[in-house]
Amino acid sequence: PHTAAPTAERTLVLVKPDGVRRGLSGEVLRRIEAKGYRLAAVQLVHATPELLTQHYAEHAGKPFFGSLVEFMLSGPTLAVVAEGVRVIEGFRSLAGATDPTTAAPGTIRGDLGRAWDGAVMQNIVHGSDSPESAAREIGLWFPGL
Ligand code: RTP
Ligand code: MG
């Protein structure tokens, strides 16, 4: 019996409004490409409350939900579909831990993020956390892709 070749998968990456505002979109794309992943789609999007309510459905009702949506409405987001073998896990690894203060150096959040005034963590990027989330989130941000 042969081992099946690993299949390329897709993930949704967002450069959140703090990242776009700080001019870090290119740096995030550079790291995705330098790692060897392919950019399948890129688009600057000003999110709507409807889109964000669906995107962050798992956080509805949590204390930070309102500030998270408000933050995500504060400016444009760069939505990216990245493609590659194990890219979902791989991009989460590039991004680093959620809290940018303690995210490991070498990661996007660890190298470029820190605590800031404001009610919610601003951590530059989002990456889908499972194949199911990736399919759902790509459908929301890139309808028709
Ligand atoms: P993401 O979904 O953005 O890739 O980040 P994540 O999986 O590392 O974090 P998650 O738990 O899914 O939280 C989503 C986003 O909500 C904000 N957040 N703030 N206690 C807080 O202030 C808090 N907890 C979460 C962050 O922007 C986080 O990325
Ligand atoms: Mg998450």
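**Close-up views of a predicted model**

**Figure 1. His-126 sits buried in this predicted model.** With 23 other C-beta atoms within 10 Å, His-126 counts as buried, because 20 or more are enough for that label. His-126 belongs to strand E4, which covers residues 125–127. Setting aside its neighbours within four places in sequence, you will find His-126 in contact with Val-13, Leu-14 and Lys-16. In the UniProt record, an unreviewed entry, His-126 is listed under "active site".

**Figure 2. Here we turn to the residues around ligand 1.** The shell is made of Phe-64, Leu-68, Thr-98, Val-120, Met-121, Asn-123, His-126, Gly-127 and Asp-129. By character, these residues divide into four nonpolar, four polar and one charged. His-126, the residue of the previous view, is one of this group. The unreviewed UniProt entry also gives a "binding site" feature, placed at Lys-16, Phe-64, Arg-92, Thr-98, Arg-109 and Asn-123. Phe-64, Thr-98 and Asn-123 are among the residues of the shell, and the record names them in its feature too.

**Figure 3. How does Thr-98 count, buried or exposed?** Thr-98 counts as exposed because it has 10 C-beta neighbours inside 10 Å, and 12 or fewer is the cut-off for that class. Its place is the loop between H5 and helix H6 (108–112). Not counting residues up to four places away in sequence, Thr-98 touches Met-121 and Asn-123. Both of these partners also appear among the residues around ligand 1.

**Figure 4. Arg-92 lies in helix H5.** That helix runs over residues 87–95. Arg-92 has 18 other C-beta atoms within 10 Å, so it is partly exposed. Leaving aside its neighbours within four places in sequence, Arg-92 is in contact with Gly-127 and Asp-129. These two residues belong to the ligand 1 shell, while Arg-92 itself is one of the positions in the "binding site" feature of the UniProt record.

**Figure 5. Strand E3 pairs with both E1 and E2.** Strand E1 (residues 8–15) and strand E3 (residues 77–85) run antiparallel and are joined by eight bridges. Within this pair, look for Val-13 standing opposite Val-80 in E3. Val-13 is also one of the contacts of His-126 seen in the opening view. Strand E2 (residues 38–45) pairs with E3 as well, again in the antiparallel sense, over seven bridges. Here Gln-43 stands opposite Ala-79 in E3. A handy reminder while you look: side chains in a regular strand alternate between the two faces of the sheet.

**Figure 6. Stepping back, the whole chain follows the pattern β-α-α-β-α-α-β-α-α-β-α.** That makes seven helices and four strands in the protein chain. The unreviewed UniProt entry places the feature "domain: Nucleoside diphosphate kinase-like" at residues 8–145. The end C-alpha atoms of that span lie 16 Å apart, and its make-up is 40% helix and 20% strand. What does the radius of gyration say about the chain? Its value of 15 Å agrees with a compact globule, because one of 145 residues would have a radius of gyration near 15 Å. Along the principal axes, the C-alpha trace spans about 55 × 35 × 25 Å. Of the 145 residues, 33% count as buried. Among contacts between residues at least 6 apart in sequence, 69% join residues at least 24 apart.

Conventions: Residues are numbered from 1 along each chain as its sequence is written. Chains are lettered from A and ligands numbered from 1 in the order in which they are written. This is a predicted model: local features need pLDDT of at least 70, side-chain atom pairs count only at pLDDT 80 or more; totals for chains, interfaces and linings use all residues. UniProt positions are given in the numbering used here, feature names are shortened, and annotations may be inferred rather than shown by experiment. Helices (H or I, at least four residues) and strands (E, at least two) are DSSP runs, numbered from the N terminus. Two strands pair if DSSP finds at least two bridges between them. The radius of gyration is taken over C-alpha atoms; the globule rule is 2.2 Å times the number of residues to the power 0.38. Two residues are in contact if their C-beta atoms, placed from the backbone, lie within 7 Å. A residue is near a molecule or strand if its C-beta atom, placed from the backbone, lies within 6 Å of it. Ala, Val, Leu, Ile, Met, Phe, Trp, Tyr, Cys and Pro count as nonpolar, Asp, Glu, Lys and Arg as charged, and the others, Gly among them, as polar.
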